[in-house]
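Visitor: Hi, I have a structure open and have not seen it before. Could you walk me through it?

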Amino acid sequence: MKATDRIEKIFIQKVLKGELPPQSLLSSERELALDFEVGRPVIREVMQRLERDGWLTIRSGKRAVVNDYWEQGNLMTLNHLLTDEEHIQEEFIVYLMELRKNLAPAYTKDAVNHKALTVASLLSESENIADEPQSFAEYDWHLQKGLAAASPNPIYLLMLNSFQQLYIKTAVHYFQDGQSRQATRKYYRDLMETAMAKDGNWAEILVKKEMEDSIKRWKQQLTTKKKGED
């Protein structure tokens, strides 16, 4: 791994773990170069990349300050969050599920309205899912990508592509619960009916309700998990 990539990763991990809270000041460029045993140009490049990606603000003649990435971050910040799964907070998963609740009904409606037979074909595969978490997680991701691809708006698929690894990993945890698998299997059958009827509006309503219910089930799983740890 290049020195710039290694140092950048260390910095981001410290921010995510709370070791570098918002508004904290970094050491000087010279001090950081000594700490990491690299030249100052390397540190300068890292700082510029971190500022570009929303993690800090460089101030002329002053030490750089750590940003609140929730308020001052950007799409590049999100990309880092998605790839650094080890330090992702559980609340962030809920935020992603809320985002899915806003996106999935729209691209599913478009998919049913424009390519109902493709959607029906995708959903017919759900009848063969093995009743275990990994199979459900992989199929659900396959379905989401298929629905987004069937929508005439290519932006949906571009957005989903950033979430694949985290989506499947989280879905495996979600589908550990047998009731969640059972409810989801029924949802797939109901969604199949909307595709066969070529009713995008019905599909949109159904997906929105399922997204809301899945958030409730996920939060309940987290509550149960925390009680078990106490």
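Visitor: How many salt bridges does a search of the whole structure find?

Guide: The search finds 14 salt bridges. Keep in mind that this is a predicted model.

Visitor: Give me one. Which side chain does aspartate 5 meet in a salt bridge?

Guide: Aspartate 5 pairs with the side chain of arginine 49, at 2.6 Å from N to O. Aspartate 5 is in helix α1 (residues 3–16) and arginine 49 is in helix α3, so the salt bridge ties together parts that are 44 residues apart in sequence.

Visitor: Are those two buried or exposed, or in between?

Guide: Aspartate 5 is partly exposed, with a relative accessible area of 30%. Arginine 49 is buried, at 15%, because the cut-off for buried is under 20% relative accessible area.

Visitor: What else does arginine 49 meet in a salt bridge?

Guide: The side chain of glutamate 45 also forms a salt bridge with arginine 49, at 3.4 Å from N to O. Both residues sit in helix α3, 4 residues apart, which means about one helical turn separates them. Glutamate 45 is partly exposed, with a relative accessible area of 35%.

Visitor: Which residues end up in one network there?

Guide: Asp5, Glu8, Glu45 and Arg49 are joined into one network by salt bridges that share partners.

Visitor: And lysine 17, what does that one pair with?

Guide: Lysine 17 forms a salt bridge with glutamate 19, and their closest N and O atoms are 3.7 Å apart. Lysine 17 counts as partly exposed at 46% relative accessibility, and glutamate 19 counts as partly exposed at 48%.

Visitor: Let's step back. How many helices and strands does the chain have?

Guide: There are 12 helices and 2 strands in the chain. Reading from the N terminus, the order is α-α-α-β-β-α-α-α-α-α-α-α-α-α.

Visitor: What box do the C-alpha atoms fill?

Guide: Roughly 65 × 45 × 30 Å, taken along the principal axes. The chain has 230 residues, and buried residues make up 44% of them. About 12800 Å² of the chain is exposed, with carbon and sulfur atoms supplying 51% of that area.

Visitor: What share of the contacts comes from residues 24 or more positions apart?

Guide: Such pairs account for 67% of the contacts in the chain with a separation of 6 or more.

Visitor: Back to helices. At what angle do α7 and α8 cross?

Guide: The axes of α7 (residues 116–124) and α8 (residues 133–150) cross at roughly 175° and come within 10 Å. That makes the two helices roughly antiparallel.

Visitor: Which residues meet between them?

Guide: From α7, Val119, Leu122 and Leu123 take part. Their counterparts in α8 are Tyr139, His142, Leu143, Gly146 and Leu147.

Visitor: Now some single residues. Where is aspartate 53?

Guide: Aspartate 53 is in the loop between α3 (40–52) and β1 (56–57). It is buried, with a relative accessible area of 0%. Leaving out residues up to four places away in sequence, aspartate 53 touches Glu8, Asn74, Met76, Thr77 and His80. Glu8 is also part of the salt-bridge network with Asp5, Glu45 and Arg49.

Visitor: And aspartate 68, where does that one lie?

Guide: In the loop between β2 (65–66) and α4 (69–72). Aspartate 68 is partly exposed, at 22% relative accessible area. Beyond residues up to four places away in sequence, aspartate 68 touches Pro22 and Gly73. Its C-alpha atom is 10.0 Å from that of serine 24, with the two residues 44 apart along the chain.

Visitor: What about arginine 181, buried or exposed?

Guide: Arginine 181 is buried, with a relative accessible area of 11%. This arginine lies in helix α11 (residues 178–196). Not counting residues up to four places away in sequence, arginine 181 touches Asp131, Glu132, Pro133, Phe136, Phe175 and Gln176.

Visitor: Last topic. Which residues form a nonpolar patch on the surface?

Guide: Ile155, Leu158 and Met159 form one, with about 280 Å² of accessible area together. Isoleucine 155 is in helix α9 (residues 155–161) and is partly exposed, with a relative accessible area of 46%.

Methods: Residues numbered from 1 in each chain as written. Predicted model: local features only at pLDDT ≥ 70, side-chain atom pairs only at ≥ 80, totals over all residues. Heavy atoms only, no water. Patch = residues over 30% accessible without salt bridge, like charges linked within 9 Å, V, L, I, M, F, W, Y side chains within 5 Å. Areas by Shrake-Rupley, 256 points an atom, 1.4 Å probe, with all protein chains shown as cover. Salt bridge = Lys/Arg side-chain N within 4 Å of Asp/Glu carboxyl O. Buried < 20%, exposed > 50% of the residue type's maximum accessible area, 1.4 Å probe, protein only. Axes fitted to C-alpha atoms, helices over the stretch in contact; angles between N-to-C directions. Parallel < 35°, antiparallel > 145°, perpendicular 65-115°, else oblique. Contact = heavy atoms within 4.5 Å.
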